[in-house]
Amino acid sequence: MPDLYAYTDGACSGNPGPGGWGVLLLAKDGDTVLKERTLEGGEAATTNNRMELMAAIMALETLASASKITVVTDSAYVKNGVTGWIHGWKRNGWKTSAKKPVKNDDLWKRLDAAQERHQVTWEWIKGHAGHEENERADELARAGMAPFKSGN
C-alpha cells in the first residue's frame, strides 16, 4: 500500500485580499512517486489563514475513501490549531481560552470533520526554504489566486 502525502499551501495578495490555495497529493513507495494529483482554488476576498485552512480541507475532502495520510503544511496556524488548540475550542463551545469566538470557526469545523474519517499525521515545514513539494504547493496556491487578482 503506498504512502499518501498532501503538501498544502495558501497565498494571499494583501491580507485580506484575493487569495488562493494549493495541494500537491502524492502516493509514494519510499522515494518513488507512484501517482500525483494537484488541486487549486481561490477566493476574491479572503485571508492567508483561511487559504491555508482551505488547502488542508480540500486535501482531505478530495480523498474518496478513508485513508492514512500525512498532511505537510508550512502554516504553524494550521498545524498548531488542528493538533492542539482545536481540542480546547471544541470543549469551550468554539470559544478561545479568553472566551472569544474562534476566528475562522467555519473552516476549523470543516477541517475537523474532514480529518475524522482519515488517519492523519500533521507535519510542519519551513515555507520558502527550497522544499520542492512545498514550493509546488505554493505555485498551485498562487495559480489559484491568479483569477481573482485585479488586472486579470
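**Fold and salt bridges of the predicted model**

With a relative accessibility of 34%, Glu61 counts as partly exposed. The structure described here is a predicted model, and Glu61 is a convenient point of entry because its side chain meets that of Arg110 in a salt bridge, at 2.8 Å from N to O. This pair links distant parts of the chain, with Glu61 in helix H1 (residues 48-62) and Arg110 in helix H3 (residues 105-116), 49 residues apart. Arg110 is likewise classed as partly exposed, its relative accessibility being 32%.

The fold around this pair is considered next. The protein chain comprises 4 helices and 5 strands. Read from the N terminus, these elements follow the order β-β-β-α-β-α-α-β-α. The radius of gyration of the protein chain is 15 Å, close to the 15 Å given by the globule rule for 152 residues, and the chain is therefore as compact as a globular protein of that length. Along the principal axes, the C-alpha atoms fill a box of roughly 45 × 40 × 30 Å.

Burial and contacts were also computed. Of the 152 residues in the protein chain, 45% are buried. When contacts between residues at least 6 apart in sequence are considered, 66% of them join residues at least 24 apart. The surface exposed by the protein chain amounts to about 8,000 Å², of which carbon and sulfur atoms supply 48%.

With regard to charge, the protein chain carries 19 positive and 20 negative side chains. The centres of these two sets lie 9 Å apart. The structure holds 6 salt bridges, among them the Glu61 and Arg110 pair introduced above.

Another salt bridge joins the side chains of Arg136 and Glu36, with an N to O distance of 2.6 Å. Arg136 belongs to helix H4 (residues 132-145) and Glu36 to strand E3 (residues 32-46), so this pair ties together parts that are 100 residues apart in sequence. Both side chains belong to partly exposed residues: the relative accessibility is 28% for Arg136 and 41% for Glu36.

A further salt bridge lies within helix H3, the helix that also contains Arg110. Here Asp105 pairs with Lys109, the closest N and O atoms being 3.5 Å apart. Because Asp105 and Lys109 are 4 residues apart in helix H3, about one helical turn separates them. Asp105 counts as partly exposed at 27% relative accessibility, and Lys109, with a relative accessible area of 39%, is also partly exposed.

How values were computed
Residues are numbered from 1 along each chain as its sequence is written. This is a predicted model: local features need pLDDT of at least 70, side-chain atom pairs count only at pLDDT 80 or more; totals for chains, interfaces and linings use all residues. Side-chain values use heavy atoms; hydrogens and water are left out. Helices (H or I, at least four residues) and strands (E, at least two) are DSSP runs, numbered from the N terminus. The radius of gyration is taken over C-alpha atoms; the globule rule is 2.2 Å times the number of residues to the power 0.38. Buried means under 20% relative accessible area, exposed over 50%, partly exposed in between (1.4 Å probe, protein chains only). Contact means heavy atoms within 4.5 Å. Accessible areas come from the Shrake-Rupley method with a 1.4 Å probe; for residues, only the protein chains shown count as cover. Lys and Arg count as positive and Asp and Glu as negative; His and the chain ends are not counted. The place of a charge is taken as NZ of Lys, CZ of Arg, CG of Asp or CD of Glu. A salt bridge is a side-chain nitrogen of Lys or Arg within 4 Å of a carboxyl oxygen of Asp or Glu.
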